[in-house]
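Student: I should like to work through the reasoning behind the terms used for this protein. May I ask how each description is justified?

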Amino acid sequence: MNSITPLTVSAGSRSYPVWIGEGLLEDLGHRLAASDHFSRRIALVADSNLRGYAKTTAASLAEAGFDPVLLWVPPGEGSKSLGQLGILLEKLAENRIDRKGALLALGGGVLGDLAGFAASIFLRGIALYQIPTTLLAMVDSSVGGKTGINLPQGKNLVGTFYQPWGVFVDLKTLSTLPERERRAGLAEVIKYGMIADPSLLACLAEKALDWRSLVRRSVQIKAAVVAEDERETTGRRAVLNFGHTTGHALEAALGYGTLVHGEAVGLGMRVAALLSQRLCGLPERAGELLDRLLERHGLPRAIPGVSLFRIREALLVDKKRERGANRWVLLRALGDPVLVDVPDAEIERALPLILDSAG
Ligand SMILES: NC(=O)c1ccc[n+]([C@@H]2O[C@H](COP(=O)([O-])OP(=O)(O)OC[C@H]3O[C@@H](n4cnc5c(N)ncnc54)[C@H](O)[C@@H]3O)[C@@H](O)[C@H]2O)c1
Ligand SMILES: O=C(O)C(=O)C[C@@H](O)[C@H](O)[C@H](O)COP(=O)(O)O
Ligand SMILES: [Zn+2]
């Protein structure tokens, strides 16, 4: 087994390791066996695009004495649905996963959110391990315990807070990630730079990116926020939603999967930066820096063909909306987020920034 020191996430009553390294899928079984806690039969739930990685993981589990049941989920945002949740829960029951069983979620944020949700409610909760294979899932969704699915009305409207028992980040899996998905993951890293650590923005401007350190730094930032406010009750955790008010509305308004999540967040950060300039005194150069980074990493800065009416409808179901007003994460300065109730008129004035009327 490779010797690596994990990062630790402490959230509520649970503390868990985040292992970051190369080739972790190959010896994951032994790391799990070391906990000496589980039934032999465990569920390996995998995105069906990832058959090779799933087989490697299953072989490692079998070698360590487990009896892994492989359960496939179709790729794409459409799988974060009530339908796929039901199918997965029934498969867990059919395969007699018991309370000492565990669910290992192998894939990107879609698979992790869906399977994490299933683990949190099956038998009222079984052990969950996240094995993220996209950059976005490595830097964000595998850590912090938000799980859930979408409804046609809006993103992530049903879910739980359910921390994993551990997270295995195998950086080798990034080698097969499509370019578009790699870029989408960078949008969440840009988010961390904007809300917490402007030095990350400088790293993202460099020619060659150091994936290991980008993942480590991102996980550290997210872990620190989650440790302070696991269930988003004080408002601290809400800062991780920078760019997501518009982002989620765009995903729902355009139909899930039209824009990938990171692209929608990139566009949403532009709107939030503009509002921050207008309402919170964010210097204009911060918005310009954001634009340069989005351009540098091939993320869209405007989109054609989206109806303002549908964006407005989707904004009405944002989970941060309270007492008739949308609460936004804005910035007073880079690294200095604040929650602000933004009047509808200001939102209307800002949205055209990302609407490409030429399309
Ligand atoms: N829970 C959270 O805290 C949290 C945080 C951020 C995002 N999210 C959610 O995550 C989802 C987006 O996740 P995502 O960006 O990982 O997308 P994704 O899970 O849809 O994966 C993107 C695509 O890459 C493929 N893929 C995955 N790993 C691969 C690999 N190593 N090689 C080749 N192909 C690979 C998948 O099959 C899929 O087609 C959204 O639903 C978003 O709401 C959740
Ligand atoms: O972990 C969080 O908290 C986040 O807000 C991270 C976001 O990047 C992520 O997209 C999350 O799924 C959003 O959750 P939601 O509660 O706003 O739906
Ligand atoms: Zn996100």
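Tutor: Certainly; please bear in mind that this is a predicted model. Let us begin with helix 1, residues 24-33, whose buried residues are covered by parts that include strand 2 (14-21), helix 2 (51-63) and strand 9 (166-170).

Student: Which residues of helix 1 are buried, and what puts them on the same side of the helix?

Tutor: The buried residues of helix 1 are Leu24, Leu25, Leu28, Gly29 and Leu32. They span an arc of only 155 degrees around the axis, and therefore they lie on the same side of helix 1. As a general point, an α-helix has 3.6 residues a turn, so residues three or four places apart point the same way.

Student: Why is strand 6 called largely enclosed?

Tutor: Strand 6 covers residues 127-132, and 6 of the 6 are buried, so the rest of the structure largely encloses this strand. Both of its faces are covered: Ala127, Tyr129 and Ile131 are buried on one side, and Leu128, Gln130 and Pro132 on the other.

Student: How do you know that strand 5 and strand 6 are joined, and do they run parallel or antiparallel?

Tutor: Strand 5 (residues 102-107) is joined to strand 6 by 6 bridges, and the two run parallel. The definition of pairing asks for at least two bridges, so strand 5 and strand 6, with 6 bridges, count as paired. Within this pairing, alanine 105 has glutamine 130 of strand 6 as its bridge partner.

Student: Why is arginine 124 called exposed, while asparagine 156 is called partly exposed?

Tutor: A residue counts as exposed with 12 or fewer other C-beta atoms within 10 Å, and as buried with 20 or more. Arginine 124, in the loop between helix 4 and strand 6, has 7 C-beta neighbours inside 10 Å and therefore counts as exposed. Asparagine 156, in strand 8, has 18 other C-beta atoms within 10 Å and is therefore partly exposed.

Student: What makes the phi values of arginine 124 and asparagine 156 worth a remark?

Tutor: Most residues other than glycine have a negative phi. Arginine 124, however, has a positive phi near 60 degrees, and asparagine 156 has a positive phi of about 50 degrees. Asparagine 156 is also among the residues around ligand 2.

Student: Which domains supply the shell around ligand 2, and what is its make-up by class?

Tutor: Domain 1 (7-176) and domain 2 (230-354) each supply at least three residues of that shell. By class, the shell has 1 nonpolar, 4 polar and 6 charged residues; its members include Lys146, Lys155, Arg237 and Lys319.

Student: What surrounds ligand 1?

Tutor: There are 31 residues around ligand 1, of which Asn49, Gly108, Gly109, Thr134 and Ser141 come nearest. The shell divides into 10 nonpolar, 14 polar and 7 charged residues. Helix 4 (109-121), helix 5 (135-141), helix 6 (179-195) and helix 10 (261-280) each contribute at least two residues to it, and each of the two domains gives at least three.

Student: How do you know that domain 1 and domain 2 touch?

Tutor: Contact requires C-beta atoms within 7 Å; 14 residues of domain 1 are in contact with 11 residues of domain 2. Strand 8 (residues 154-161) gives the most to the side of domain 1 that touches domain 2, with 4 residues. That side comprises 4 nonpolar, 8 polar and 2 charged residues. The C-alpha centres of the two domains are 29 Å apart.

Methods: Residues numbered from 1 in each chain as written. Chains lettered and ligands numbered in written order. Predicted model: local features only at pLDDT ≥ 70, side-chain atom pairs only at ≥ 80, totals over all residues. Arc of directions from axis to C-beta. Contact = placed C-beta atoms within 7 Å. Near = placed C-beta within 6 Å. Nonpolar A, V, L, I, M, F, W, Y, C, P; charged D, E, K, R; others polar. Domains from an automatic or database assignment.
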